[in-house]
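Q: I'm new to this one, so please walk me through it in plain words. I'd like a close look at the contact between the chains, with enough of the surroundings to find my way.

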Number of protein chains: 2
Amino acid sequence: MAFAQRLGSTATIVEERLKALLTECGSKADERFAAAMRHAVLVGGKRFRPFLVIESAALFGLEARNVIDAASAVECIHCYSLVHDDLPCMDDDDLRRGHPTLHKAYDEWTAILAGDALLTLAFEILSRPTTHEDAAVRSELTQAVAAAAGAGGMVLGQILDLEAEKHPKAGSPAIEDIQRIQALKTGSLIACACEVGAILGRASPEDRAALSLYGQHLGLAFQIADDLLDAEGDAETLGKETGKDAALGKATIVSALGIARARHALHEAERKATEELRAFGTRAKVLVEAAQFAARRAH
Amino acid sequence: MAFAQRLGSTATIVEERLKALLTECGSKADERFAAAMRHAVLVGGKRFRPFLVIESAALFGLEARNVIDAASAVECIHCYSLVHDDLPCMDDDDLRRGHPTLHKAYDEWTAILAGDALLTLAFEILSRPTTHEDAAVRSELTQAVAAAAGAGGMVLGQILDLEAEKHPKAGSPAIEDIQRIQALKTGSLIACACEVGAILGRASPEDRAALSLYGQHLGLAFQIADDLLDAEGDAETLGKETGKDAALGKATIVSALGIARARHALHEAERKATEELRAFGTRAKVLVEAAQFAARRAH
């Protein structure tokens with residue numbers, strides 16, 4: 001199966017599962033709020049992180065249906081982070097995946113609380129016996145996801161990004177600082193998705209570390225491609241505003257390196273990601289393609 | 001030891017542990033953000049929920065030092081909820097525990113992200129082997145706390161509370177609706193704290209259910225007392241603004257029932273809470289006193 005097709009059909013099954021999980025969760029909530037949570041999760045999205053969970057777990061012989069709840073939990077974390085990042089006091093975005101952002105479609109308090117509920121739901125899912133029969137695995141999943149999402153990971157990335165934007169230091173930010181922010185903000189959860197697959201697959205520490213590194217390089221490639229698309233793409237194809245980073249004076253790898261060197265860094269990240277997969281041989285074909293996909297959508 | 005003294009000395013050891021947990025967490029974060037997280041957690045607070053975890057676990061022979069991490073995790077959830085509830089788009093509070101609320105001391109985006117980080121940290125703590133050696137217990141803790149905190153629990157309570165305030169229906173809200181909101185908003189996490197103690201103590205399903213019901217009645221007593229204090233207390237003693245519910249036209253049990261009947265409901269809640277403890281006999285002395293404490297601070 002061609003990669004894009006595989007990604008698309010995984011997205012379909014992940015969305016089915018997310019819909020079911022949100023319906024179950026929403027049955028306890030009130031209708032308006034349940035609809036807001038569905039908007040946050042179900043409106044668009046490539047489901048790239050759940051795809052990485054599923055394909056990483058597949059390296060260890062696991063089938064998608066046995067890891068889909070953990071994959072969905074990771075996507076809930078991703079969606080919560082988008083909802084909060086879009087808020088007026090943060091990135092102030094009106095459009096996401098071609099649709100109004102949650103605080104535009106509803107209001108700020110609903111958006112903040114829907115994000116909170118999704119973050120909480122992710123951990124509820126990870127701790128359920130239906131997610132994995134072994135409590136030690138569930139506990140390890142929770143620990144890995146919390147570490148990647150929290151004050152030492154994704155949230156820290158968002159904090160550093162906003163600090164650089166709102167309290168800029170004199171001079172342009174160093175490329176190392178920008179890369180660190182990107183690694184935390186985008187890379188943490190992408191690397192974590194690959195690690196979740198490894199944990200579910202009871203991978204050796206070496207394989208788990210390799211998948212985590214693969215995810216970190218992949219995350220960097222993903223982010224540079226995103227920045228290139230923002231600098232060069234058009235809003236209609238992307239379904240979100242473009243040229244926004246430049247308009248905000250936001251430091252990105254593209255603004256720091258220029259387009260040509262950013263493209264080089266993108267290729268390097270793709271190469272390093274692929275290198276980490278060497279030990280898995282041809283079994284890792286889909287993950288190799290995922291790195292190509294992440295990097296080459298900016299071409 | 002007198003109850004107030006016991007509560008105070010537990011607060012001291014809980015704060016020590018929270019300080020250590022936040023220092024460890026903050027070592028991965030940046031200094032400004034780490035300070036914001038400390039502000040959210042360490043400035044004031046009775047530590048009533050960790051106290052309930054510790055005293056519920058004590059019923060099953062557990063020592064405070066063996067359950068303090070789980071107790072601290074529950075307090076992190078409580079503190080995150082206060083930070084988000086205080087935001088301008090929600091309750092818009094400037095003062096909390098006699099100090100500026102987090103978005104006043106810092107700014108909105110820092111407050112939202114500090115809340116997110118604390119919620120995430122709670123689950124990271126709950127999933128660590130140092131919190132409990134048995135992964136099945138850790139997984140059960142995570143599940144119970146997530147269910148109590150999320151879209152079917154505390155977050156739902158906040159949603160319903162804000163919906164009633166921002167999109168009021170014609171006529172005064174029914175007392176049943178107000179009680180449901182309070183039960184979710186305050187009761188869920190208080191009941192959960194007692195359940196966490198039961199889970200750590202590997203309680204029988206009956207004992208766990210009794211402690212959860214105790215916590216629900218206690219939560220109601222706590223909330224009615226809070227509303228009475230808001231209606232009658234003065235800001236200086238309380239360290240937060242008073243008369244705010246009335247000024248906002250917020251429906252509370254006190255506004256719906258009047259002061260005299262609210263006092264009666266408070267006594268009923270205290271009595272029912274105590275009744276749930278009967279099976280534990282004199283072992284539950286401290287929890288009986290906790291119900292008295294929750295109810296009688298409004299006298």
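A: Let's begin with one chain on its own. Chain A has 14 helices and two strands. Its radius of gyration is 18 Å, close to the 19 Å that the globule rule gives for 299 residues, so chain A is as compact as a globular protein of that length. If you box up its C-alpha atoms along the principal axes, you need roughly 55 × 50 × 35 Å.

Keep in mind that you're looking at a predicted model. For chain A the mean pLDDT is 92, and 93% of the residues reach 70 or more. For the complex, the predictor gives an ipTM of 0.95 and a pTM of 0.95.

Inside chain A, 54% of the 299 residues count as buried. Take the contacts between residues at least 6 apart in sequence: 72% of them join residues at least 24 apart.

Now to the part you asked about. The contact takes 41 residues from chain A and 41 residues from chain B. On the chain B side that touches chain A, four helices each supply at least two residues: helix 2 (31-42), helix 6 (108-126), helix 7 (135-149) and helix 8 (154-166). Helix 6 of chain B gives the most to that side, with eleven residues. Sort the residues of this side by kind and you get 25 nonpolar, nine polar and seven charged.

How do the two copies sit relative to each other? Chain B can be laid on chain A by a turn of 180° and a shift of 0.0 Å along the axis, with an RMSD of 0.0 Å. The two copies are thus related as by a two-fold rotation axis. On top of that, 100% of the interface residues of chain B are also interface residues in chain A, so the copies meet through the same surface.

A word on the core next. In soluble globular proteins, nonpolar side chains tend to be buried together. Here, the largest nonpolar core has 198 residues, and those with the most contacts inside it are L118, V145 and A221 of chain A together with L118, V145 and A221 of chain B. For a sample of what such a residue meets, try A221(B): leaving out residues up to four places away in sequence, A221(B) touches L266(B), A269(B), E270(B), A273(B), A291(B), A294(B) and A295(B).

Stay in chain B for two more stops. D85(B) is found in helix 4 (residues 64-85), and with 22 C-beta neighbours inside 10 Å it counts as buried. Not counting residues up to four places away in sequence, D85(B) touches M90(B), D91(B) and Q158(B). Between D85(B) and G115(B) there are 9.9 Å in space, C-alpha to C-alpha, though they are 30 residues apart in sequence.

The other stop is A265(B), found in helix 13 (residues 253-275) of chain B. A265(B) is partly exposed, with 18 other C-beta atoms within 10 Å. Leaving aside neighbours within four places in sequence, A265(B) is in contact with I224(B), I253(B) and L257(B). Its C-alpha atom is separated by 35 Å from that of A111(B), which lies 154 residues away along the chain.

Back in chain A, K166(A) is found in helix 8 (residues 154-166). K166(A) is exposed, with 12 other C-beta atoms within 10 Å. The C-alpha atoms of K166(A) and K250(A) are separated by 9.7 Å, with their positions 84 residues apart along the chain.

Two backbone oddities round off the tour. Most residues other than glycine have a negative phi. R47(A), in contrast, has a positive phi of about 60° although it is not a glycine. You'll find R47(A) in the loop between helix 2 (31-42) and helix 3 (48-58) of chain A, and it is buried, with 24 other C-beta atoms within 10 Å. R97(A) also has a positive phi, of about 55°, and is not a glycine either. R97(A) is in the loop between strand 1 (95-96) and strand 2 (99-100) of chain A, and with 13 C-beta neighbours inside 10 Å it counts as partly exposed.

How values were computed:
Residues are numbered from 1 along each chain as its sequence is written. Chains are lettered from A and ligands numbered from 1 in the order in which they are written. This is a predicted model: local features need pLDDT of at least 70, side-chain atom pairs count only at pLDDT 80 or more; totals for chains, interfaces and linings use all residues. The radius of gyration is taken over C-alpha atoms; the globule rule is 2.2 Å times the number of residues to the power 0.38. A residue is buried if 20 or more other C-beta atoms lie within 10 Å of its own, exposed if 12 or fewer, and partly exposed in between; C-beta atoms are placed from the backbone. Two residues are in contact if their C-beta atoms, placed from the backbone, lie within 7 Å. A nonpolar core is a set of buried Ala, Val, Leu, Ile, Met, Phe, Trp, Tyr and Cys residues joined through C-beta atoms within 7 Å. Ala, Val, Leu, Ile, Met, Phe, Trp, Tyr, Cys and Pro count as nonpolar, Asp, Glu, Lys and Arg as charged, and the others, Gly among them, as polar. Copies are superposed by least squares on the C-alpha atoms of residues with pLDDT of at least 70 in both. pLDDT is the predictor's confidence in each residue, from 0 to 100.
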